Amino acid sequence: MDIALYYAPITCALAPYITLTEAGATFEVRPLNFRKGQHTSPEYLKTNPKHKVPLLIVDGKVLSESVAIQTWIARTFPHARLLPADPWQELQAISLMSWCSGGIHPFLARINSPPRVCDVAGTEASVTKLASANLMELFKIADDLLAGRAFFFDHFTAPDAHFFWAQRRARQFELDLAGFKHCTAHFERMLGRPSVQKLLAFETSVQDEFAKAA
Ligand SMILES: N[C@@H](CCC(=O)N[C@@H](CS)C(=O)NCC(=O)O)C(=O)O
């Protein structure tokens, strides 16, 4: 099976990179340089008109959307136990990933690019302030879910990778998550995983390559 992951540094494509690594999958990574607009090139738009990552190509077939990609990885590599075995728990895991993708991510995207959602002059700070307040509420919910646990379920699963990315992005935006002790512990635990270490080293190498090409 040929697996290729379209990826860009910093983005939510980090989550499937971690999950594929946890699965022990052999996969090719195709980095896109957003600064150079490679995600909006005519060539990429033919593959993904949404101009987003992650995008998975499996034996030439295209799969977009993080939740679907993460679910595909978990189903394809069952030995890695990337979703809980119990059907109800499995749905809870999919619910968590949908929340990362559809609940948390849109507020991160607003902070990343306020003018994309509001182009009224002088409103940037306001968009960021409101998105940050919403995120604080969401991270409080995550903090409660993680209380007394190492991971969302009784072992590492795909939602942990997805949430790790969301939390990393929020921290990069300097959201003050210090009060969320369980989120912080989860973040530090994730940073210690070999899959995350591999990802971070890979990210640095891609960023170095992009810098050389700038
Ligand atoms: N719902 C999508 C969102 C993907 C997404 O927004 N990716 C961002 C990076 S974090 C992206 O590629 N943005 C480029 C763009 O919107 O042009 C998913 O969960 O896969």
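Start at P54, which you'll find in the loop between α2 (42-47) and β3 (55-58). Keep in mind that this is a predicted model. The peptide bond leading from V53 into P54 is cis, with omega near 5°. A little earlier in the chain is H51, which also lies in the loop between α2 and β3. H51 isn't a glycine, yet it has a positive phi of about 45°.

Now bring in the ligand. It has 13 residues around it, and the ones that come nearest are H51, K52, V53, E65 and S66. So what does H51 offer the ligand through its side chain? An N or O atom there is 2.7 Å from an oxygen atom of the ligand. V53 works from its backbone instead: one of its polar backbone atoms is 2.8 Å from a nitrogen atom of the ligand. Then look over at S101, where an N or O atom of the side chain sits 3.2 Å from an oxygen atom of the ligand. How much of the ligand does the protein cover? On its own the ligand has 520 Å² of accessible area, and the protein covers 84% of that. Sorted by class, the shell around the ligand comes out as 6 polar, 4 nonpolar and 3 charged residues.

Next, step back to the space itself. Rolling a probe the size of a water molecule over the atoms shows where empty space is left. The ligand takes up the space of the largest pocket, and that pocket has a volume of about 1,200 Å³. Its lining counts 37 residues, with T11, F34, V53, N112 and R116 closest to the centre. You've met V53 already, as the residue with a polar backbone atom 2.8 Å from a ligand nitrogen. Which elements give two or more residues to this lining? They are α4 (87-112), α6 (158-172) and α8 (194-213). Of the whole lining, the largest share comes from α4, with 7 residues. By class, the lining of the largest pocket splits into 17 nonpolar, 12 polar and 8 charged residues.

There's a second pocket to visit before you leave. The second largest pocket has a volume of about 160 Å³. Which residues line the second largest pocket? Walking along the chain, you pass A74, R75, P78, R81, L82, L83, P84, A85, E90 and H155. That lining divides into 6 nonpolar, 3 charged and 1 polar residues.

Notes
Residues are numbered from 1 along each chain as its sequence is written. This is a predicted model: local features need pLDDT of at least 70, side-chain atom pairs count only at pLDDT 80 or more; totals for chains, interfaces and linings use all residues. Side-chain values use heavy atoms; hydrogens and water are left out. A residue is near a molecule or strand if one of its heavy atoms lies within 4 Å of it. A polar contact is a pair of N or O atoms within 3.5 Å; within protein, one must be able to donate a hydrogen and the other to accept it, and residues adjacent in sequence count only if both atoms are side-chain atoms. Accessible areas come from the Shrake-Rupley method with a 1.4 Å probe; for residues, only the protein chains shown count as cover. On a 1 Å grid over the protein atoms alone, a cavity is a set of points where a 1.4 Å probe fits but cannot get out, and a pocket is an open set with protein on both sides within 12 Å along at least five of seven lines; lining residues have an atom within 4 Å of a point. A molecule sits in a cavity or pocket if more than half of its atoms lie within 2 Å of its grid points. Ala, Val, Leu, Ile, Met, Phe, Trp, Tyr, Cys and Pro count as nonpolar, Asp, Glu, Lys and Arg as charged, and the others, Gly among them, as polar. Grid points are joined across faces, edges and corners, and a volume is the space filled by probe spheres set on the points. Helices (H or I, at least four residues) and strands (E, at least two) are DSSP runs, numbered from the N terminus.
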